[in-house]
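Let's take a friendly walk through this structure, from the whole chain down to single residues. Please keep the sequence and the 3D view at hand as you read.

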Amino acid sequence: MSIKLEHITYTYSPGTVYEMHALKDVDMEIPDGQFMGIIGHTGSGKSTLIQHFNGLMKPTSGKVRYNGQDIWAEKYDRQKLRSKVGLVFQYPEHQLFEAEVLEDVCFGPKNLGLSKEEAEERAVRALTQAGLSEKFYKSSPFELSGGQKRRAAIAGVLAMEPECIVLDEATAMLDPVGRREVLATVHRLNREKGMTVVLITHHMNEAEEADRVVVMDDGAVVMDGSPKEVF
């Protein structure tokens, strides 16, 4: 698996008084199995950047390639790509909506056309990977702690069996216990499962545990290297 961005620019509201250049000539490659941290102040382009990884946003110019293929080429299956590159948005617990945790995690696999049994099998596997024990499966998602809700939401993405998981501020607004739980899940996915992980964070102690740190500023990559080099 590899994601490659070639000279990506993205402009909001082009040709209007609200025109804003959110990404400026971004070149980047994310190889298989890497743990990459992305840091930068609010408005630096981090969230816009990651939505290009699986085609949620189309670049104004430049190319996005997944395993060498242009994801905006005619007839490219971006729906399939979105199951391979899973995004966990900021405050993903806001996306929890089913009556029970297991049902919620089954939602994605069912949308792929899997049977109820296959969807549940995937959901149980994903919840195990996310570190939520069986005693929570029949609980309402809204009865969980902050860290547990976040892990249930991560499980919903894992049930799609992605090759890469991208997390936007995965630990935002969590207490120290919740932060540790979520980070332990993310590290386990990378180190034990070999999954490619991209983590947007404002916490330098989270970024320093990555293999690589990218610093965004004003829509551009201003630093890219090991945590030691960047810090």
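Helices here are DSSP runs of H or I with at least four residues, and they are numbered from the N terminus. Please bear in mind that this is a predicted model.

## The chain as a whole

The protein chain has eight helices and 10 strands. Its radius of gyration is 18 Å, close to the 17 Å that the globule rule gives for 231 residues, so the chain is as compact as a globular protein of that length. If you want a feel for its dimensions, the C-alpha trace spans about 50 × 40 × 35 Å along the principal axes.

How much of the chain is buried? Buried residues account for 52% of the 231. Among contacts with a separation of 6 or more, 66% join residues that are 24 or more positions apart. The chain exposes about 11200 Å², and 49% of that area comes from carbon and sulfur atoms.

## Helix H4, side by side

Helix H4 covers residues 116-129. At 1.5 Å a residue, its 14 residues should span 20 Å, and the C-alpha atoms at its ends are indeed 20 Å apart, so the two values agree. The buried residues of H4 are Ala119, Arg122, Ala123, Ala126, Leu127 and Gln129. They cover an arc of only 150 degrees around the axis, which means that they sit on the same side of H4.

What covers these buried residues? The cover includes helix H3 (101-111), helix H5 (146-158) and helix H6 (176-191). Turn to the other side of H4 and you will find Glu117, Glu121 and Thr128 exposed. Just after H4 comes Gly131, with a positive phi of about 85 degrees.

## Phe107 in helix H3

Helix H3, part of the cover over H4, is also where you will find Phe107. Phe107 has a relative accessible area of 38%, so it counts as partly exposed. Leaving aside residues up to four places away in sequence, Phe107 touches Phe97 and Glu98.

Phe107 can also be compared with Val157 by position: the two are 50 residues apart in sequence, and their C-alpha atoms are 9.9 Å apart in space.

## A pair of tyrosines

A pair of aromatic rings is described by the distance of the centres and the angle of the planes. The count here comes to one aromatic pair. Tyr10 and Tyr12 form this pair, with 4.9 Å from centre to centre and 80 degrees between the planes, an edge-to-face arrangement.

Are the two partners buried or partly exposed? Tyr10 has 16% relative accessibility, so it counts as buried, the cut-off being under 20%. Tyr12, at 28%, counts as partly exposed.

## Two loop residues with positive phi

Most residues other than glycine have a negative phi. Asn67 is not a glycine, yet it has a positive phi of about 50 degrees. You can find Asn67 in the loop between strand S4 (61-66) and strand S5 (69-70). With a relative accessible area of 42%, Asn67 is partly exposed.

Lys75 is not a glycine either, and its phi is positive at about 70 degrees. Where does Lys75 lie? Its place is the loop between S5 and helix H2 (78-84). Lys75 has a relative accessible area of 81%, which is over 50%, so it counts as exposed.

Note on methods:
Residues are numbered from 1 along each chain as its sequence is written. This is a predicted model: local features need pLDDT of at least 70, side-chain atom pairs count only at pLDDT 80 or more; totals for chains, interfaces and linings use all residues. Side-chain values use heavy atoms; hydrogens and water are left out. The expected span of a helix is 1.5 Å times one less than its number of residues. Buried means under 20% relative accessible area, exposed over 50%, partly exposed in between (1.4 Å probe, protein chains only). The arc is that of the directions from the helix axis to the C-beta atoms. Contact means heavy atoms within 4.5 Å. The radius of gyration is taken over C-alpha atoms; the globule rule is 2.2 Å times the number of residues to the power 0.38. Accessible areas come from the Shrake-Rupley method with a 1.4 Å probe; for residues, only the protein chains shown count as cover. Rings of Phe, Tyr and Trp (its six-membered ring) pair if their centres lie within 6.5 Å; planes under 30 degrees apart count as stacked, over 60 as edge-to-face and the rest as tilted.
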